[in-house]
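Welcome! Please take a moment with the sequence and the model shown here, and then read on for a short guided tour.

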Amino acid sequence: MNNIIHQEFTKLLNNFKTIDIILSQNKLWRKGVTVTMKIFEAIAALVQYAENEHLIEKEDKVYTINKLLEILQLDTFEESVIDGSPELEEILKTILDYACENGLCENSVVYRDLFDTKIMGAIIPRPSQVIKEFKEKYEQSPQAATDFYYNLSKKSDYIRDYRIKNDIKWITETEYGDIDITINLSKPEKDPKAIAAALTMKQSSYPKCQLCKENEGYAGRINHPARQNHRIIPITINHSDWFMQYSPYVYYNEHCIVFNANHSPMKIDGEVFEKLFDFVKLFPHYFVGSNADLPIVGGSILTHEHFQGGNYTFAMAKAPIETKYNFAGFDDIECGIVKWPMSVIRLRGIDTAKISALADKILKAWRGYTDEDAFIFAETDGTPHNTITPIARYNDGAYELDLVLRNNITTDECPDGYYHPHKEYHHIKKENIGLIEVMGLAVLPSRLRTEMEILKSALINHEDISADERIAKHSEWAEMIKNKYEITENNCIDILQKEIGIVFTAILEQCGVFERTEKGKEQFIKFMNSVE
């Protein structure tokens, strides 16, 4: 009797195996036998993707398959026919799901990002090959070189296009021009498990920061992103070694980062203007600028000298000079105050050395400038407050340098900074105003997406906004909006977006060291006169 049962069970088991094979061939992927078939198809699809996008050559195919098998701890491979051209996001998801199901990776965004970067690192060219091709393209034109490099950064998944497309973007018309507004959704939030793991990790000083050249090819860790698919381009600026890369979060077109080969702190001095112009001469289709070198008015990384640039024209670059000014000895340099919410001096001419010399003169004057009536103090208790955010570009046959005057003084009423978003606007943004936002592109926190949806519902349904803790911080602002507009289902989001843009413009005005008033203009001219 037991023998008969065993025979019937074996027959049934064979039938299940046959069904599994049939389902596998019909792309109905399941656990068990079909998981292996699924991962083989994903590997084949990824290798095909790499060949199609010229990340590897035909001769690299077997080698690349074996590298992927090694990472996935597989010791065999079966050729698979790929139907169509699956998207990279779909291919990587399949591989990551397999890795999580088989204990190779924890199923959370931080660990998955570490693992899929390792996968992509196996299919992109070595740094020397990328640099060689970049130089060959540069011989054609600087733009051909950056086009190649930018596309490589996207095809290698270093720039995750499928995340960036989720960012919410719109334009708000203002008296200063069209201001760009973005709600950043492309940078994933860490999950609690990864945050807890990071707290228990031994602190490492390698790489010293996320901008150091040692990030190229680095495997990463819970508290530092993986960079196996990262490639950097060496350039020479001011007779010293620098590198160029793209930002993985590209807030605007071809958002690049230019960084010192040495891990040295941010510094705004006379040489910075020459450095910026050196870059613009290398890539005249790009602008480049530097965050300031002091906390509050500086960027998020002050420990490593770097600039940001790209192939994009910001509202500030389009803003005209509204008050012309002439500095003695610099008659060939067009100069004036820019019509912009922040306090900006524009210098324009052909001779970059002369522009830099004038900029250095302005910088030195501003470093030591105090005007109590304008609430500008060069220092308090030995702490310096004045610095500059400089931006360079080549525009219509001449070089331009915008000098944005910054001051990081704090008060009891404004402990985060007086020339900083004030408390009444913290419900929209309370973070520092750095280079990108100075130029007219707001990078707003991801929480606003959810909050605006909740606020929309509350406004349409006449609910008590102050009673909902998720949006109570917006209640005063929302009350103003209710009194200003006839709100409907169809226009509510447009109205909220417009008003967010108005708030951001007001924030920029708060960050301007001279007010946008006649008195403020007189105080601004007073400083310009002091430069002489």
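Which residues does R406 touch, not counting residues up to four places away in sequence? They are V297, M342, W366, H385, N386, T387, I388, T389, I433, V438 and V513, where a contact means heavy atoms within 4.5 Å.

Before going further, please keep in mind that this is a predicted model, in which local features need pLDDT of at least 70 and side-chain atom pairs count only at pLDDT 80 or more, while totals for chains, interfaces and linings use all residues. Residues are numbered from 1 along each chain as its sequence is written, and side-chain values use heavy atoms, with hydrogens and water left out.

**Around R406**

R406 sits in strand β14, which covers residues 398-407. Its relative accessible area is 2%, so R406 is buried (buried means under 20% relative accessible area, exposed over 50% and partly exposed in between, with a 1.4 Å probe and protein chains only). From C-alpha to C-alpha, R406 and Y251 are 23 Å apart in space, and 155 residues separate them in sequence.

**The chain as a whole**

The chain has 17 helices and 15 strands; these are DSSP runs numbered from the N terminus, with helices (H or I) of at least four residues and strands (E) of at least two. The C-alpha trace spans about 105 × 60 × 45 Å along its principal axes. Of the 532 residues in the chain, 52% count as buried. Among the contacts with a separation of 6 or more, 63% are between residues 24 or more positions apart.

The chain also has 60 positive and 81 negative charges, whose mean positions are 4 Å apart. In this count Lys and Arg are positive and Asp and Glu are negative, with His and the chain ends left out; each charge is placed at NZ of Lys, CZ of Arg, CG of Asp or CD of Glu.

**Empty space**

Rolling a probe the size of a water molecule over the atoms shows where empty space is left. The search uses a 1 Å grid over the protein atoms alone: a cavity is a set of points where a 1.4 Å probe fits but cannot get out, a pocket is an open set with protein on both sides within 12 Å along at least five of seven lines, and lining residues have an atom within 4 Å of a point. Grid points are joined across faces, edges and corners, and a volume is the space filled by probe spheres set on the points.

The second largest pocket holds about 420 Å³ of space. Its lining has 21 residues, and Y49, P86, E87, L88 and E89 are the closest to its centre. Helix α2 gives the largest share of that lining, 4 residues.

The structure holds 1 cavity of 30 Å³ or more. The largest cavity has about 40 Å³ of space, and its lining includes I124, Y149, L152 and R231.

**Backbone details**

Most residues other than glycine have a negative phi, and most peptide bonds are trans. Two residues that are not glycine have a positive phi here, as the table shows.

| Residue | Phi | Loop | Relative accessible area |
|---|---|---|---|
| H54 | about 60° | between α2 and α3 | 66%, exposed |
| D157 | about 70° | between α7 and α8 | 2%, buried |

Finally, the peptide bond from Y206 to P207 is cis, with omega near -15°. P207 is in the loop between α9 (192-200) and β3 (233-237).
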